[in-house]
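Got the model open in your viewer? Let's walk through it stop by stop, selecting a few residues at a time.

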Amino acid sequence: MSHLHHMEPGNVTQSSEFLLLGLSEETQLQPLLFGLFLSMYLITLLGNLLIILAISSDSHLHTPMYFFLSNLSLVDICFTSTTIPKMLVNIQTQSKVITYAGCITQMYFYIHFAGLDDFILTLMAYDRFVAICHPLHYTVIINTRLCGLLVLVSWIISILNSLLESLMVLDLSFCSDLEIPHFFCELKQVLQLACSDTFPNDIVMYFSAGLLAGGPLAGILYSYSKIVSSIRAIPSAQGKYKAFSTCASHLSVVSLFYGSILGVYLGSSGAHSSRSSATASVMYTVVTLMLNPFIYSLRNKDIKRALERFLGRERGSGGTERRTSV
């Protein structure tokens with residue numbers, strides 16, 4: 001299935017690796033990039049892990065909204081783990097190499113978790129829509145079985161889409177120029193290196209982007225248009241504030257995630273170079289995922305209380321263990 005080969009006349013040699021050029025080729029910047037991305041990666045892991053632990057340890061948060069949030073945190077951990085560890089290894093070893101199999105695998109998981117992020121943000125918008133627009137029927141509509149089913153369907157669709165796009169890349173032939181001006185194997189960048197016809201790949205890529213990214217975005221916008229209408233109909237200012245506060249964190253995360261993606265892809269279609277597009281993509285692949293736990297813990301009193309209880313319990317059990325050991 002592997003079709004990586006050099007196309008020069010009389011020099012047809014098999015190759016099995018790509019070169020990830022990263023964000024910068026300046027040697028003096030590499031330690032700074034390593035420290036910066038390692039810090040952001042560890043903060044992302046710790047922040048999202050704390051959200052998951054806080055929700056699972058607090059029975060008051062065993063509700064649909066927080067079930068979706070814990071799933072979002074899990075997906076964010078996986079999403080950032082598909083790109084950053086390889087980038088850090090390459091910087092540390094001063095190597096730009098990623099194997100053909102490694103590139104296809106990274107591409108698969110990147111597409112999968114990016115799509116899953118979209119779907120879960122949409123499910124959270126639907127949850128808030130039902131809670132605010134149909135509060136009396138909320139527990140009937142948004143039940144445990146439906147939540148589990150929606151998340152399962154999201155996983156299945158994301159898996160099938162990423163599998164299709166990754167398998168289609170396996171049928172491509174690649175020329176001698178195997179340098180990817182990015183810090184991970186992004187589908188669009190890899191397709192640009194192919195010597196064979198990429199028209200079917202482009203069709204599937206744009207169709208799935210329109211359907212699996214545009215569709216959820218349309219669902220989110222529709223949900224919030226209904227939420228805004230319902231909030232405006234609430235007579236008291238306190239009631240309006242209370243209703244809006246339940247979806248403020250989610251709205252902030254959606255704005256940050258979709259805003260950065262649209263900024264990158266609309267910008268890259270203009271005068272931006274591939275390298276500047278790679279730098280801009282750091283926003284939605286790293287920065288947004290790192291900020292999500294802060295947005296939810298700072299703006300959400302329930303999460304803040306759960307975190308305080310969880311961390312207090314851990315400190316308390318640590319102190320008890322020290323006293324008993326003495």
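Start by selecting R309 and D58: they form a salt bridge, with the closest N and O atoms 2.4 Å apart. Here a salt bridge is a side-chain nitrogen of Lys or Arg within 4 Å of a carboxyl oxygen of Asp or Glu. This pair ties together distant parts of the chain, since R309 sits in helix α11 (residues 301-325) while D58 is in the loop between α1 (30-57) and α2 (64-81), 251 residues away. Helices (H or I, at least four residues) and strands (E, at least two) are DSSP runs, numbered from the N terminus.

Before moving on, a word about what you are looking at. This is a predicted model, where local features need pLDDT of at least 70 and side-chain atom pairs count only at pLDDT 80 or more, while totals for chains, interfaces and linings use all residues. Residues are numbered from 1 along each chain as its sequence is written, and side-chain values use heavy atoms, with hydrogens and water left out.

Now, is D58 buried or exposed? D58 counts as buried because its relative accessibility is 6%; its partner R309, at 39%, counts as partly exposed. The cut-offs are under 20% relative accessible area for buried, over 50% for exposed, and partly exposed in between (1.4 Å probe, protein chains only).

**More charged pairs**

How many salt bridges does a search of the whole structure find? The count is 3. For another one, stay in α11 and select R305 and D302, whose closest N and O atoms are 2.9 Å apart. These two are 3 residues apart in the helix, so about one helical turn separates them. R305 is partly exposed at 41% relative accessibility, and D302 is partly exposed as well, at 33%.

Then jump to D127 and R128, where the side chains meet in a salt bridge at 2.8 Å, N to O. Both D127 and R128 are buried. As background, side chains of opposite charge can pair when their charged atoms come close.

**Helices α1 and α2**

Next, select α1. Its 28 residues should span 40 Å at 1.5 Å a residue, and its end C-alpha atoms are indeed 40 Å apart. (The expected span is 1.5 Å times one less than the number of residues in the helix.) Try colouring the buried residues of α1, including Q30, F37, Y41, N48 and I55.

Move along to α2, which has 18 residues and reaches 26 Å from its first C-alpha to its last, close to the 26 Å expected. Because 14 of its 18 residues are buried, α2 is largely enclosed by the rest of the structure.

Zoom in on L69, found in α2. L69 counts as buried, with 3% relative accessibility. Setting aside residues up to four places away in sequence, L69 touches I51, I55, M124, Y296 and I303, where contact means heavy atoms within 4.5 Å. Add N292 to the selection too: its C-alpha is 10.0 Å from that of L69, although the two are 223 residues apart along the chain.

**Into the core**

L69 also belongs to the largest nonpolar core, which has 84 residues; F18, F37, L69, V169, F174 and V190 touch the most other members. The largest share of this core, 18 residues, comes from helix α4 (residues 100-133). A nonpolar core means buried Ala, Val, Leu, Ile, Met, Phe, Trp, Tyr and Cys residues joined through side-chain atoms within 4.5 Å.

Pick V169 for a look around. Leaving out residues up to four places away in sequence, V169 touches Y100, I104, M107, F174, L187, V190, L191 and N201.

**Out to the surface**

Switch on the surface and select L149, L152, V153, I156, I157 and L160, a nonpolar patch with about 520 Å² of accessible area together. I156 lies in helix α6 (residues 144-170) and is partly exposed, at 43%.

One more loop: Q94 lies between α3 (84-93) and β2 (97-99). Q94 is exposed, with a relative accessible area of 72%, and its phi is near 55 degrees, a positive value in a residue other than glycine.

**Zoom out**

Finally, show the whole chain as a cartoon: there are 11 helices and 3 strands. From the N terminus on, they run β-α-α-α-β-α-α-α-β-α-α-α-α-α. Of the 326 residues, 46% are buried.

Note on methods. Patches are made of residues with over 30% relative accessible area and no salt bridge: like charges are joined within 9 Å, nonpolar side chains (Val, Leu, Ile, Met, Phe, Trp, Tyr) within 5 Å. Accessible areas come from the Shrake-Rupley method with a 1.4 Å probe; for residues, only the protein chains shown count as cover.
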